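Please consider the chain shown here, with attention to its nonpolar cores, a strand pairing and a helix packing.

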Amino acid sequence: MAVQLEFLKSILYFSALDLAELESIRKLIFEKIADRAEMVLLEGESAENLYFVASGVVKVFKTSVEGKEQILSIVRPGESFNDVSIFDDGPNPASVRTMGPVLLYGIKKSYMEAILRDHPQIALNVIKVLARRVRHLLSLVEDLSFKHVIGRVAKILLEHIGGEMGRGPRLTQQEMAAMAGTAREVVGRSLKELEEAGAIKLDRHRIIIRDKEALQKIMEVSS
């Protein structure tokens, strides 16, 4: 399958490049197909490639010595992962696993260094990408430190079901727990409370948002 130039242009890294520049970069990209629940990167291993999600979704997470998982982010089409270790020469700071069948575009670390030298605009775009990543992690720290679990769950539902990111995978309660930094049973109780408040409806394995404004209010006042 050929890498689509229009898709490359939609990636923030390459958004300011013309077709000739995109064509030169396309030649350096390789494709990687992965099945559901396949490990793409392991925390602590050396970083060899920068990846962009072409289709499907992956989760970036850390695991404690007891085996508890904390999801740091869910990466969707057009977004990148493993940026930090590519640019600071350190090991992978987190693990990455697919949440369904995934198509990835990869660029070798050595090629990325050459691309940055040849296209200064990409370096500016990289700064924007990393700045957004910092803002996301600061928001995550704030949520885990100051929000009650029900507020964290409400935020997850708004972002991954009620917002633009609703195109992503259906999250299990275990995955929601790994995002909210709590246990699956606590997420289950929070969902029941949200249903009793009329904000959502639990329909077997589906969660339907009934009142987005109510969910938003619960998220905001649960500090």
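The following paragraphs describe a predicted model.

The account begins with the interior. The largest nonpolar core comprises 26 residues, and those with the most contacts inside it are Val-153, Leu-157, Met-176, Leu-191, Ile-200 and Leu-215. Two or more residues come to this core from each of strand S5 (69-75), helix H6 (149-160), helix H7 (173-180), helix H8 (184-196) and helix H9 (212-221). Of these elements, H6 gives the most, with 6 residues. A second core, separate from this one, has 24 residues, including Leu-17, Leu-103, Met-112 and Val-129.

Two of the helices that contribute to the largest core, H6 and H9, also pack against each other, at an angle of about 140° and with their axes 8 Å apart. Because angles over 145 degrees are needed to count as roughly antiparallel, H6 is oblique to H9. The crossing of the two helices H6 and H9 is left-handed. On the H6 side, the residues in contact are Ile-150, Gly-151, Ala-154, Lys-155, Leu-157 and Leu-158, which meet Lys-212, Leu-215, Gln-216, Ile-218 and Met-219 in H9. Leu-157 and Leu-215 thus belong to this helix contact and are also among the residues with the most contacts inside the largest core.

The strand pairing comes next. Strand S9 (residues 200-203) and strand S10 (residues 206-209) run antiparallel and are joined by 4 bridges. Within this pair, Leu-202 stands opposite Ile-207 of S10. The hairpin of S9 and S10 has 2 residues between its strands, and in it Arg-204 adopts a positive phi near 55°. Ile-200, at which S9 begins, is likewise listed among the residues with the most contacts inside the largest core.

Technical notes. Residues are numbered from 1 along each chain as its sequence is written. This is a predicted model: local features need pLDDT of at least 70, side-chain atom pairs count only at pLDDT 80 or more; totals for chains, interfaces and linings use all residues. Side-chain values use heavy atoms; hydrogens and water are left out. A nonpolar core is a set of buried Ala, Val, Leu, Ile, Met, Phe, Trp, Tyr and Cys residues joined through side-chain atoms within 4.5 Å. Buried means under 20% relative accessible area, exposed over 50%, partly exposed in between (1.4 Å probe, protein chains only). Two strands pair if DSSP finds at least two bridges between them. Axes are lines fitted to C-alpha atoms, for helices over the stretch in contact, and angles run from 0 to 180 degrees between N-to-C directions. Angles under 35 degrees count as roughly parallel, over 145 as roughly antiparallel, 65 to 115 as roughly perpendicular and the rest as oblique. A crossing is left-handed if the near helix is turned anticlockwise from the far one by less than a right angle, and right-handed if clockwise. Contact means heavy atoms within 4.5 Å.
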